Amino acid sequence: MPRHEFQPGKLVAGLFLAITGALYLGDALGGWELPWFVAFPLVAGGLCLAGVAGTVTYAVRRRRRSRAVG
């Protein structure tokens, strides 16, 4: 039995933030040149996808819970 329930929305948000951080780390180390505004679409897109994943997860869990009760 897991200690906590799996939350894919947080996973998606964390992945996109980590990708953004890795891209800017590569830029800081001189691996490539990255414009400053690249972070905005990455973070915003990741948060939108995380919201969708969280909403779908909530809907699935709510539906399973209502089937188990009724």
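This passage walks through helix α1, a nonpolar patch and the contacts made by the stretch ahead of the helix, all taken from a predicted model.

Helix α1 is a good place to start. It runs over residues 8-28, which makes 21 residues. From the first C-alpha to the last, α1 reaches 30 Å, and that is close to the 30 Å expected at 1.5 Å a residue. Which residues of α1 are buried? They are P8, G9, A13, T20, G26 and D27. Looking down the axis of α1, these buried residues fall within an arc of 160°, so they line one face of the helix. As for what sits over that face, the cover of the buried residues includes α2, which spans 39-69. Turn to the other side of α1 and the picture flips: K10, L25 and A28 are exposed there. Once α1 is over, G30 follows, and the phi of G30 is positive, near 90°.

The surface has something to show as well. F6, L11, L15 and I19 make a nonpolar patch of about 390 Å². One of these residues, L15, has its place in helix α1. Is L15 buried or exposed? The answer falls in between: L15 has a relative accessible area of 46%, and because buried means under 20% and exposed means over 50%, a residue between those cut-offs counts as partly exposed.

Next come the links between parts of the chain that lie far apart in the sequence. How many salt bridges does the structure hold? There is one, and it brings together the side chains of E5 and R61, at 3.3 Å from N to O. This pair links distant parts of the chain, with E5 in the segment before α1 and R61 in helix α2, 56 residues apart. R61 has a relative accessibility of 25%, so it counts as partly exposed.

The segment before α1 is also the place of Q7. Like the other residues described this way, Q7 can be put on the accessibility scale: its relative accessible area is 35%, so Q7 is partly exposed. And what about its position relative to G54? Q7 and G54 are 47 residues apart along the chain, yet their C-alpha atoms are separated by 7.2 Å.

Notes. Residues are numbered from 1 along each chain as its sequence is written. This is a predicted model: local features need pLDDT of at least 70, side-chain atom pairs count only at pLDDT 80 or more; totals for chains, interfaces and linings use all residues. Side-chain values use heavy atoms; hydrogens and water are left out. Helices (H or I, at least four residues) and strands (E, at least two) are DSSP runs, numbered from the N terminus. The expected span of a helix is 1.5 Å times one less than its number of residues. Buried means under 20% relative accessible area, exposed over 50%, partly exposed in between (1.4 Å probe, protein chains only). The arc is that of the directions from the helix axis to the C-beta atoms. Contact means heavy atoms within 4.5 Å. Patches are made of residues with over 30% relative accessible area and no salt bridge: like charges are joined within 9 Å, nonpolar side chains (Val, Leu, Ile, Met, Phe, Trp, Tyr) within 5 Å. Accessible areas come from the Shrake-Rupley method with a 1.4 Å probe; for residues, only the protein chains shown count as cover. A salt bridge is a side-chain nitrogen of Lys or Arg within 4 Å of a carboxyl oxygen of Asp or Glu.
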